[in-house]
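Student: I should like to work through this protein model with you, one element at a time. Could we begin once it is on display?

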Amino acid sequence: MTRLTSVARGLITAAAALLAATASTATAQADAEPKAPKDFVALRSVNPTILQEMRYSTPHNFVGERVDGYVQPVCVLTRPAARALHKAQRKLLRQGYTLKVYDCYRPQRAVDHFVRWAKDLDDQAMKGEFYPNVDKTRLFSDGYIAEKSGHSRGSTVDLTLVRLPAKPTRPYHPGEPLVPCFAPQDERFPDNSVDMGTGFDCFDTLSHTLDPRIQGDRRANRLLLKSTLEDVGFVNLPEEWWHYTYKPEPYPDTYFDFPVSRTSLTSHH
């Protein structure tokens, strides 16, 4: 019995040491992750009223799973970009709207994940919603996927408008039937955004901000977002109604790779 007890004690001690070593390794890996420069901030610390629906930290995106590098569903931006959004939000609130962000800073590892996904022609799981009319072999040549993204420089944001009071949105359930992102709004996946003519990340020419087929209220909604953001220093990417970059960018040539999480930030104000 004594020998068995000592053997058991030895096994327990070894297991405890292994657990401690594993925890220590995990902590060391977290500590080893790159940090954001001090002028990157959480958008919520600058303006807590802007809604956040961080799509790449969920499976509801064109990849169909949480994207590499999105540890927490937080919007991280350079301070000048966050302050400009704060100014835009103040104007919009007076008009009965709020901004909602879908993506902000995007680490390079997330862009690499997009590239790997785009090259895997067998993975067509989310085609029915996000690129119904685009052959996956054309995602690079048509400009929908690239090996570098302005988002990784920290001053680019994907966003929309929501009419107040904002309605809640239900979560996406992987495997549910998909509806094309350019279908009528009441048929698409429910989003509390105003009708912009397509959903976010719709790989289609209908997503071009000034596409002439988008008229009436849908065009007016795009133009309200565009004029409001341009007034505070943002520039729209003409191919995507949701995509804006603050100018001048503090880091015009730097593509960062720190994870999207609060712990990446050296400043929280």
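**Strand pairing and pockets**

Tutor: Thr 156 stands opposite Thr 245 in S7. Please bear in mind that this is a predicted model. With that said, ask about the sheet.

Student: Which residue of S7 stands opposite Val 157?

Tutor: S5 and S7 run antiparallel and are joined by three bridges. One pair is Thr 156 with Thr 245, and another joins Asp 158 to His 243. The residue of S7 opposite Val 157 is Tyr 244.

Student: Which residue of S6 stands opposite Tyr 244 in S7?

Tutor: S6 and S7 form a hairpin, with six residues between the two strands. They run antiparallel and are joined by three bridges. Opposite Tyr 244 stands Asn 236.

Student: Are the faces of S7 covered or uncovered?

Tutor: On one side of S7 lie His 243 and Thr 245, and on the other lie Tyr 244 and Tyr 246. These four residues are all buried, and the cut-off for that class is under 20% relative accessible area. Both faces of S7 are therefore classed, by that cut-off, as covered.

Student: How many residues of S5 are buried?

Tutor: S5 comprises residues 156-163. The strand is mostly covered, and of its eight residues the number buried is seven.

Student: How many bridges join S4 to S5?

Tutor: S4 spans 97-103. One pair that links it to S5 is Lys 100 with Thr 160. The two strands run antiparallel, and the number of bridges between them is six.

Student: In what order do the five strands of the open sheet stand?

Tutor: S5 is bridged to S4 and also to S7. S7 is in turn bridged to S6. The pairing in the sheet is mixed, and the order is S2-S4-S5-S7-S6.

Student: Why is one side of S2 and of S6 left without a neighbour in the sheet?

Tutor: S2 covers 51-52 and S6 covers 234-236. Each has a single partner strand, so one side of each lacks a neighbour in the sheet. The reason is that both strands stand at the edges.

Student: Is Tyr 102 buried or exposed?

Tutor: Tyr 102 belongs to strand S4. Beyond its neighbours within four places in sequence, its contacts include Glu 53, Met 54, Asp 158, Thr 160 and Phe 200. The relative accessible area of Tyr 102 is 1%, and the cut-off is under 20%, so Tyr 102 is buried.

Student: What distance separates the C-alpha atoms of Tyr 102 and Cys 75?

Tutor: Along the chain, these two residues are 27 residues apart. In space, their C-alpha atoms are separated by 8.4 Å.

Student: What span does helix H3 reach from its first C-alpha to its last?

Tutor: H3 occupies residues 79-94 and has 16 residues. At 1.5 Å a residue, 22 Å is expected. The span in the model is close to that value, at 23 Å.

Student: Which residue just after H3 takes a positive phi?

Tutor: Within H3, the buried residues include Arg 79, Leu 85, Gln 89 and Leu 92. Just after the helix, a phi of about 90° is taken by Gly 96.

Student: What is the volume of the largest pocket?

Tutor: The largest pocket is lined by 26 residues, and among those nearest its centre are Tyr 144, Ile 145 and Glu 240. By class, its lining has eleven nonpolar, seven polar and eight charged residues. Its volume is about 500 Å³.

Student: Which strands each supply at least two residues of the lining of the second largest pocket?

Tutor: The second largest pocket has a volume of about 420 Å³. Of the 29 residues that line it, those closest to its centre include Gln 185, Asp 191 and Val 194. The lining divides into 14 nonpolar, eight polar and seven charged residues. The strands that each supply at least two of its residues are S4 and S5.

Student: What percentage of the contacts between residues at least 6 apart in sequence join residues at least 24 apart?

Tutor: The protein chain has six helices and seven strands. Of its 269 residues, 47% are buried. Among the contacts in question, the share that joins residues at least 24 apart is 74%.

Methods
Residues are numbered from 1 along each chain as its sequence is written. This is a predicted model: local features need pLDDT of at least 70, side-chain atom pairs count only at pLDDT 80 or more; totals for chains, interfaces and linings use all residues. Side-chain values use heavy atoms; hydrogens and water are left out. The expected span of a helix is 1.5 Å times one less than its number of residues. Buried means under 20% relative accessible area, exposed over 50%, partly exposed in between (1.4 Å probe, protein chains only). On a 1 Å grid over the protein atoms alone, a cavity is a set of points where a 1.4 Å probe fits but cannot get out, and a pocket is an open set with protein on both sides within 12 Å along at least five of seven lines; lining residues have an atom within 4 Å of a point. Grid points are joined across faces, edges and corners, and a volume is the space filled by probe spheres set on the points. Ala, Val, Leu, Ile, Met, Phe, Trp, Tyr, Cys and Pro count as nonpolar, Asp, Glu, Lys and Arg as charged, and the others, Gly among them, as polar. Two strands pair if DSSP finds at least two bridges between them. Contact means heavy atoms within 4.5 Å.
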